[in-house]
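Hi,

Here is the structure I promised to pass on. Have a look at it first, and then read my notes below.

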Amino acid sequence: MARRNTKKQIFTNVEVLDAAAKGKTVAKAPDGRVIFLPNAVPGDIVDVQTFKKRKSYFEGKATVFHKLSDKRTTPECEHFGVCGGCKWQDMGYEHQLFYKQNEVTNNLTRIGHLDLPEITPILPSAEQYFYRNKMEFSFSDSRWLTLEEIQSEEDLGDRNALGFHIPGMWDKILDIKKCHLQADPSNAIRNAVRDFSIENELEFFNTRNQTGLLRTMMIRTSSTGDIMVVVQFFKEDVAKRELLLNYVAETFPEITSLQYIINEKANDTIYDQEVVCFKGQDHIFEEMEGLKFKINAKSFYQTNSNQAYELYKLTREFADLKGDELVYDLYTGTGTIAQFVSKKAKKVVGVEAVPDAISAAKENAERNNITNCEFFVGDMKNVFNQEFINTHGQPDVIITDPPRDGMHKDVVQQILNIAPQKIVYVSCNSATQARDLELMKDIYKITKVQAVDMFPQTHHVENIVLLEKK
C-alpha cells in the first residue's frame, strides 16, 4: 500500500529484487514502477520513502528493514554508509561478483543487442580490501557532522577534517580515521598529517570562502615499495609549508617522493599546476613482468596494480599474437598495454590525446629497452585517419581501452574502414562498450567476453571483449 505525503510516498514491505547501475538496487512499487534505492541489498524487505518521482520510476530510500537479505555481510569500515566510496561493503563478495557479471551481460545484450558466446566467469580480485595504489584526501575546516554530533549538547571542538567528500556535497568532507582501500602506511600518513596540522594551527581549507592553507593530499603506493605524497597548498607560506613537509619527511622516511603544489585557483585539479619536488624523486616506479613504469604526480595508472596485471595478461591472451603482427593500441595512456604486449608483436603503435602521457610512454619504452613501440599524440577522432594508416601501416590487431564515455563514432567508423582481423576492446563501462559494439556487429562476431573485478566493494567492473572478423 502507498500513503501520499505531498510529493513523497511511502511504500511498505517492498522486496528488493536486483542490483542496478551506479551501485543502486531495484525494487518495484505497487503500480509496477521501478524504485531505485541507494541503501539496500537484493533480498531485503523494506519500507521505502520516495524523494523523486518520474514517469517510469521512483528514487527513494529504505527507511525500515523488515527482513535482511542473506546476501548481506557486515561492513569492515566504520565510515560505511556515510562515506560514498565503497557502496557494496554490506554485500558478500560472491554476490558482488554475480551482479557485476550480470550488469556486463545485460548491457551487451540489452543495449548492444549482441550475440554472445558462452561467457567466462568474472575474474575476482585476490585482495578485497587495501588494493588501491592511489588515494586523494581533502582538507576542510568544516567537517561533516553525524546526526548524533548535531543533536548532542557537547562542544565538538575543532571542525577540521582530512578525508573524503560526502556524496553530492562539494563542500562537506568526512574525517576519515581508517580507510580500507589503500595499504599501510597510507592511514598512518593521513592521520599524522591531520593531527600535526591541527596541533600547529595550520589552517584547513574552506571551499565556500576560498580561505585556508591546506587543500588536498595525494598518496600513491606501488608494488615496488615506492611511496609518493603530494600536498596541495592554497597559498605559499614558506614557514608553515616547510614545517609540515619536514615533519612528514622525518616521520615517514620510507616516502620516496615528497612533493607539493601551490594552487591559488578556485578548483583543486592539479593538471595545470606546477608540482615541486621537496624531497626524494619527482616520481615513483611500478613494475610488471620486469617492465618498469615511471609514474609522476599527474600520471594515470590503473589504481589496482595486482589486478591490472591480470587485466593486461588477459588482453594479451585475447590478442593471441604470433610475433609478426602490427598492433594499434588506441587510448594508450602511458603505453602500459602497448609495452606489455610488445614482445609478442612485430610492432605496436600507440595513440593518446594527453601529451604528458605520450612523453611518459616514450620514456618508459626507452627505459625498458623496447624498440618496437611508437607513440603518437592527438585527439583520436582527428589523428586516427586514413593518412595515419597510410603512414604507419594496416594493423592486424587493434587494442582499444577508451575512457568511460567509450569511443567517438568517427573512431568506430575508422576501425570498420580498416577492418583488422581482431579487435580487443577493454572497457571500464560496459554500457558505452555495448553501444560501440553494436555499430560493429555486421562485420565482427564476439568470440570472447571476460569481466574483471578491479574494484571490490564498489559496483565498478572492467570488461574485455574479443572481436573477430566474420
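Before the notes, one term: two strands count as paired if DSSP finds at least two bridges between them. Also keep in mind that this is a predicted model.

I spent most of my time on strand β17, which covers residues 326-330. Is β17 mostly covered or not? It is: five of its five residues are buried. Leu326, Tyr328 and Leu330 sit on one side, Val327 and Asp329 on the other, and both faces are covered.

β17 has paired strands to look at, too. With strand β18 (residues 347-352), β17 pairs in the parallel sense over five bridges. If you want a spot to find in the viewer, aspartate 329 stands opposite glycine 350 in β18. To get from β17 to β18, the chain passes through helix α6 (residues 336-342), and this β-α-β crossover is right-handed.

Then there is strand β20 (residues 397-400), which also pairs with β17 in the parallel sense, over four bridges. Which residue of β20 is the bridge partner of leucine 330? That would be threonine 400.

I checked the cysteines as well. How many disulfides does a search of the whole structure find? Zero. For cysteine 77, the nearest cysteine sulfur belongs to cysteine 179 and is 6.4 Å away; a disulfide needs the two sulfur atoms within 2.5 Å, so cysteine 77 is in no disulfide. Cysteine 77 counts as buried because its relative accessible area is 13%, under the 20% cut-off. Cysteine 373 is buried as well, with a value of 10%.

Cheers

Methods. Residues numbered from 1 in each chain as written. Predicted model: local features only at pLDDT ≥ 70, side-chain atom pairs only at ≥ 80, totals over all residues. Heavy atoms only, no water. Buried < 20%, exposed > 50% of the residue type's maximum accessible area, 1.4 Å probe, protein only. Helix = DSSP H or I, 4+ residues; strand = E, 2+ residues; numbered from the N terminus. Right-handed = clockwise from strand over helix to strand, strands pointing away.
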